[in-house]
Amino acid sequence: SKDAYPSPLNYRGFPKSCCTSVNEVICHGIPDSRPLEDGDILNIDISVYKNGYHSDVNEMFLIGDVAPQHRKLVQVTREALDKAIAACKPGMMYREIGNIISAYVHPHGFSVVRNICGHGVGEMFHCTPNIPHYAKNKAVGTMK
C-alpha cells in the first residue's frame, strides 16, 4: 500500500478501487465480471490518495484485433492529449486546453464529450481547476 489508498473506493458509493471503462463507456466505469473480448477498447483509471493529495492516471488499451476506426479514435485522442500537455506553461489559461484538443480531433472526424472534464490534483478528490476538453469553454484560471 505504500501509505496510499484508492481514492474512488466508497467515493459517493463507488464500489471499486479503480475505474474500468469498456468501449462506449466514456469514463468512471465500474469493473465487473464481463470478460474482455477481441476488439474491445479498455480504459483503466487509477486514483490514489498519498501524502495528503489525490491524483489519478488513466490509459487506453486495445484488446486483440481492434477495428481500424476504433484504433484511430484511441490514437487521435492520445495525440490530442499529448498536444495539450505540451502546450501547458505558466500564464496559459486553462480554457485553452479545450481549444487545442478540439482543433486536433475535429479534422479527424471526432468530437469532444462536453459533460466530462479534467481536474486538478489536490487535497480533495476531483478538485479544481476544472479543465473542459471542448473549444470556447468558459473555464477560469491561469496556469502557474
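Q: Where does Cys 27 lie in this predicted model?
A: In this predicted model, Cys 27 lies in the loop between strand 2 and strand 3, the latter spanning residues 41-50.

Q: Why is Cys 27 called partly exposed?
A: The relative accessible area of Cys 27 is 23%. Buried means under 20% and exposed means over 50%, with partly exposed in between. The value of 23% therefore places Cys 27 in the class called partly exposed.

Q: Which residues is Cys 27 in contact with, leaving aside its neighbours within four places in sequence?
A: Cys 27 is in contact with Ser 21 and Ile 116. Contact means heavy atoms within 4.5 Å. In addition, the C-alpha atoms of Cys 27 and Asp 45 are separated by 8.1 Å, while the two residues are 18 residues apart along the chain.

Q: What makes Ser 21 a buried residue?
A: Ser 21 has a relative accessibility of 3%. Because buried means under 20%, Ser 21 counts as buried. Its place is in strand 2, residues 19-22.

Q: What does Ser 21 touch, not counting residues up to four places away in sequence?
A: Ser 21 touches Ile 26, Cys 27, His 28, Gly 29, Ile 41, Leu 42 and Asn 43.

Q: How do you know that the side chain of Ser 21 has a polar contact with His 28?
A: A polar atom of the side chain of Ser 21 lies 3.4 Å from the backbone nitrogen of His 28. A polar contact requires a pair of N or O atoms within 3.5 Å, and the value of 3.4 Å satisfies that cut-off.

Q: What is noted about the phi of His 28?
A: His 28 has a positive phi of about 60°, although it is not a glycine. His 28 is placed in the loop between strand 2 and strand 3. With a relative accessible area of 37%, His 28 is partly exposed, because this value falls between 20% and 50%.

Q: Why is Asn 51 called exposed?
A: The relative accessible area of Asn 51 is 64%. Exposed means over 50%, so Asn 51 is exposed. Asn 51 lies in the loop between strand 3 and strand 4, the latter being residues 53-62. Its phi is near 55°, a positive value in a residue other than glycine.

Q: What makes Asp 3 count as exposed?
A: Asp 3 has a relative accessibility of 71%. Since exposed means over 50%, Asp 3 counts as exposed. Asp 3 lies in the segment before strand 1, residues 4-6. Not counting residues up to four places away in sequence, Asp 3 touches Tyr 49 and Lys 50. From Asp 3 to Pro 35 there are 32 residues in sequence and 32 Å in space, C-alpha to C-alpha.

Q: Why does Asn 137 count as buried?
A: The relative accessibility of Asn 137 is 6%. Because this is under 20%, Asn 137 counts as buried. Asn 137 lies in the segment after strand 6, residues 127-132.

Q: How do you know that the side chain of Asn 137 makes polar contacts?
A: A polar atom of this side chain lies 2.8 Å from the backbone oxygen of Tyr 134. The side chain of Asn 137 also reaches the backbone nitrogen of Ala 139 at 2.9 Å. The cut-off for a polar contact is 3.5 Å, and both distances are within it. Asn 137 further touches Arg 95, Gly 98 and Pro 132, not counting residues up to four places away in sequence.

Q: Which peptide bond is cis, with omega near 5°?
A: The peptide bond from Thr 128 to Pro 129 is cis. Pro 129 lies in strand 6.

Q: How is the packing of helix 1 and helix 2 described?
A: Two packed helices are described by the angle between their axes and the distance between the axes. Helix 1 (residues 68-87) and helix 2 (residues 96-105) pack at an angle of about 145°, with axes 9 Å apart. Their crossing is right-handed. The residues of this contact divide into nine nonpolar, no polar and two charged.

Q: Why are the buried residues of helix 2 said to be on the same side?
A: The buried residues of helix 2 are Ile 97, Gly 98, Ile 101, Ser 102, Tyr 104 and Val 105. They cover an arc of only 165° around the axis, which puts them on the same side of helix 2. These buried residues pack against helix 1 and strand 6.

Technical notes: Residues numbered from 1 in each chain as written. Predicted model: local features only at pLDDT ≥ 70, side-chain atom pairs only at ≥ 80, totals over all residues. Heavy atoms only, no water. Helix = DSSP H or I, 4+ residues; strand = E, 2+ residues; numbered from the N terminus. Buried < 20%, exposed > 50% of the residue type's maximum accessible area, 1.4 Å probe, protein only. Polar contact = N/O pair within 3.5 Å; in protein donor to acceptor, adjacent residues only side chain to side chain. Axes fitted to C-alpha atoms, helices over the stretch in contact; angles between N-to-C directions. Left-handed = near helix turned anticlockwise from the far one by under 90°. Nonpolar A, V, L, I, M, F, W, Y, C, P; charged D, E, K, R; others polar. Arc of directions from axis to C-beta.
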